[in-house]
Amino acid sequence: MTHPVKHVVSVSGGKDSTALLLLALERCPRDSVIPIFCDTGNEHDAVYEYLAYLEQALNVRIVRLKADFSEWFSVRRMSIAQDSRIGRDKHGRRKRWTNKGKRHALSVLYPTGIPYLDLCMLIGRFPSSQMPFCTQHLKRDVAVSFQTDLIDRGFNVVSWQGIRREESYRRKNAKKIERIGPNLYAFRPLVDWTVEQVFEQHRRAGIAPNPIYLQGMPRVGCMPCINCGKAQITEIAARFPEYIVQKAEWEALVGKASKQRFSTYFNKGLHGDKTLKHIHEANRIEAVIEWARPSRGGHQFDLLTDPIELDACASSYGLCE
Ligand code: SF4
């Protein structure tokens, strides 16, 4: 007997995943399409509003998925409280939890309900382009677990992913169809689409793109995404300073939860020398905004003419735009 098929469409609130959802609804029986949104808790409010708009305009329900790390906290607290090892950092320096460091960490290591912040506190640092654990833990694992549940319930799952090859260097070899595992397939129908085709798909369906694109944002993702370039950092700082204030607060919390007693949201390598204090000061979010500020004038993104930066999220799942 063949298994019934569920088409799981990863929706981020961005233009590509919206076009993907429209395509899935065009091509597949409605009751076989399951749109999902993996919520990092680090999104712009406009994303949540846009998802509500899509649900209403398309008469669909988008399943909200959120990583839950609450059980890790007690384990982490215990391991810090009991830790007496003297480790060495990558420069060979002796590094251990001081009693003061332990007190600081134990004072903040409680679940906040914000998956992005909880994950960073547990790991003791923010992700970076070299260590993009955000995509894996907050998006990929959550989506895969949802799909695995469907497979366990007897379905074949087709995972629709809104990746386009022209989007970034890392996605240039993305395959259109791929078997990921037993009863699980990836389908990337937009791989050879242009950005014009993506917007045309919106127009044909009478669906407005996320209005955040009109506010200087070339992508929809975390606020801000760790992979942001200078121009987008400047736009966000100017238009949405409340998210920058929040990230400065997160730096303080994650710093407290970290053995080295600091952590910076961005890892742009702005420090000249490598004393710990200097690394922190040079890379904290206010310093990064200062570094990103253009010397003259501003920069308004144009989706159709501006080159896409090459440091887009590397996830082949297309879970971050
Ligand atoms: S949008 Fe950026 S910061 Fe957010 S999960 Fe994706 S890669 Fe990480």
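1. The accessible surface of the chain amounts to about 15,800 Å², and carbon and sulfur atoms contribute 53% of that area. The model under discussion is a predicted one. Of the 321 residues in the chain, 50% count as buried.

2. As to the overall fold, the secondary structure consists of 11 helices and 8 strands. Among contacts in the chain with a separation of 6 or more, 70% are between residues 24 or more positions apart.

3. Aromatic contacts merit a separate point. The structure contains 10 aromatic pairs. One of them joins Phe 69 and Trp 72, whose ring centres are 5.3 Å apart with 55° between the planes, and this pair is classed as tilted. The angle falls short of the edge-to-face class, which requires planes over 60 degrees apart. The two partners differ in their burial: Phe 69 has a relative accessible area of 6% and is therefore buried, whereas Trp 72, with a relative accessible area of 41%, is partly exposed.

4. A further pair is made by Trp 160 and Phe 187. Their ring centres lie 4.8 Å apart and their planes stand at 90°, so the arrangement is edge-to-face. The pair links distant parts of the chain, with Trp 160 in strand β6 (residues 156-160) and Phe 187 in strand β8 (residues 184-187), 27 residues apart. Trp 160 and Phe 187 are both buried.

5. Beyond these pairs, there is a cluster of rings to consider. Tyr 116, Phe 126, Trp 250, Tyr 265 and Phe 266 are linked into this cluster by ring pairs. Trp 250 also has a charged neighbour: Lys 247 lies over the face of the Trp 250 ring, at 4.6 Å from the ring centre.

6. The final point concerns helix α10, which spans residues 276-283 and has Ile 279, Ala 282 and Asn 283 as its buried residues. Around the helix axis these residues cover an arc of only 85°, and they therefore lie on the same side of α10. The packing partners of the buried residues of α10 are α9 (241-256) and α11 (285-292). Trp 250, a member of the ring cluster described above, has a residue number within the range given for α9.

Terms used. Residues are numbered from 1 along each chain as its sequence is written. This is a predicted model: local features need pLDDT of at least 70, side-chain atom pairs count only at pLDDT 80 or more; totals for chains, interfaces and linings use all residues. Side-chain values use heavy atoms; hydrogens and water are left out. Rings of Phe, Tyr and Trp (its six-membered ring) pair if their centres lie within 6.5 Å; planes under 30 degrees apart count as stacked, over 60 as edge-to-face and the rest as tilted. Buried means under 20% relative accessible area, exposed over 50%, partly exposed in between (1.4 Å probe, protein chains only). Helices (H or I, at least four residues) and strands (E, at least two) are DSSP runs, numbered from the N terminus. A charge sits over a ring if NZ of Lys or CZ of Arg is within 6 Å of the ring centre and within 35 degrees of the ring normal. The arc is that of the directions from the helix axis to the C-beta atoms. Contact means heavy atoms within 4.5 Å. Accessible areas come from the Shrake-Rupley method with a 1.4 Å probe; for residues, only the protein chains shown count as cover.
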